[in-house]
Each structure stands twice: as C-alpha cells, then as structure tokens.
Amino acid sequence: RAQGIKVIACVGETLEQREANDTMKVVSAQIEAFIPSVERWEDVVIAYEPVWAIGTGKTATADQANDVHKAIRALLASKVSEAVASSTRIVYGGSVKGANCKELIAEPDVDGFLVGGASLKPEFVDIIASTAK
C-alpha cells in the first residue's frame, strides 16, 4: 500500500472442479488464503475468473457467474464483515466479449469485468458501454 498499489485477486476453478461441483470449495479456499493478509479492503477487487473460460471462448452463464459472485459476497460477510461484503467490487473475467457482456452485467452481484483478449478488439467499446449502469 505504501506505493499506492491496489490488488485484483483472481480466483476460479478448473473445468474438472466445476463438473465435480467443487467451485465454491475451491474459490472459498483461494479467498480464505488471502483474507488474513488484507489490511485495506478498499484496495482489493476480486475477479472471478474460471480457469476453464480463460481464452477458450467458453464463458459461464450469467446465472453461473452471479451464483459464484453472490457466494463470494456471503463468504466475505461471514469471514470479514457485511460492510466489506457489500463494498468490495467483484468482477467477472472469463471470456468476456461484446456478445455476453450485457447479460453478465445485468446480474446484481457482477460489478464489472476483467477483460483480456477482447480489449484488443473493436467490441471492447461495447463491453465498456455495457457497464454504464
């Protein structure tokens, strides 16, 4: 923090873990590993970035993404505080593109996006525009 650095903590599961219904077990363990290190939650953004969706063109459905984001908020509420749970930005980062961004951002617990390859394409403008809630 001394240097003004903020953190985007990326969490997510493999396809094998998702298919075994272990998504929240994996994501919770990842978050619980860094909770004790956080001094200023206002400097942290959590990005749910399912490993199986990174650069594959596959993406979680809006419902799937929101379910994980909602569970992350519940975890923060129980392990840190309600205030941290409600104020921490939780963004989605699994193959966000112009075709799926409006549906994803419409979900109540999706606060924005961590955009990879699509940031190099003209559709990035559509992704940015979709976040104007």
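These questions and answers walk through a predicted model.

Biologist: Which order do the three strands of the open sheet have?

Modeller: The pairing is parallel. β1 (7-11) and β3 (89-92) each have a single partner strand and stand at the edges, so one side of each lacks a neighbour in the sheet. From one strand to the next, the twist averages 30 degrees. The order is β1-β2-β3.

Biologist: Over how many bridges do β1 and β2 pair, and what stands opposite A9?

Modeller: Strand β2 covers residues 44-48. Its pairing with β1 runs in the parallel sense, over five bridges. Opposite A9, in β2, stands I46.

Biologist: Which helix packs on the sheet, touching β1 and β2?

Modeller: The helix in question covers residues 23-34. Its direction makes about 150 degrees with that of β1. The helix is α2.

Biologist: What should helix α3 span, and how far apart are its end C-alpha atoms?

Modeller: Helix α3 (residues 62-79) has 18 residues. At 1.5 Å a residue, the expected span is 26 Å. The end C-alpha atoms agree with that, because they are 26 Å apart.

Biologist: Which residues of α3 are buried?

Modeller: An α-helix has 3.6 residues a turn, so residues three or four places apart point the same way. The buried residues of α3 include A62, A65 and N66. The others are V68, H69, I72, R73, L75 and L76.

Biologist: Is S130 buried or exposed?

Modeller: S130 lies in helix α6 (residues 124-130). Leaving out residues up to four places away in sequence, S130 touches C101, K102, I105 and F113. Its relative accessible area is 10%, and buried means under 20%, so S130 is buried.

Notes:
Residues are numbered from 1 along each chain as its sequence is written. This is a predicted model: local features need pLDDT of at least 70, side-chain atom pairs count only at pLDDT 80 or more; totals for chains, interfaces and linings use all residues. Side-chain values use heavy atoms; hydrogens and water are left out. Two strands pair if DSSP finds at least two bridges between them. Helices (H or I, at least four residues) and strands (E, at least two) are DSSP runs, numbered from the N terminus. Axes are lines fitted to C-alpha atoms, for helices over the stretch in contact, and angles run from 0 to 180 degrees between N-to-C directions. Contact means heavy atoms within 4.5 Å. The expected span of a helix is 1.5 Å times one less than its number of residues. Buried means under 20% relative accessible area, exposed over 50%, partly exposed in between (1.4 Å probe, protein chains only).
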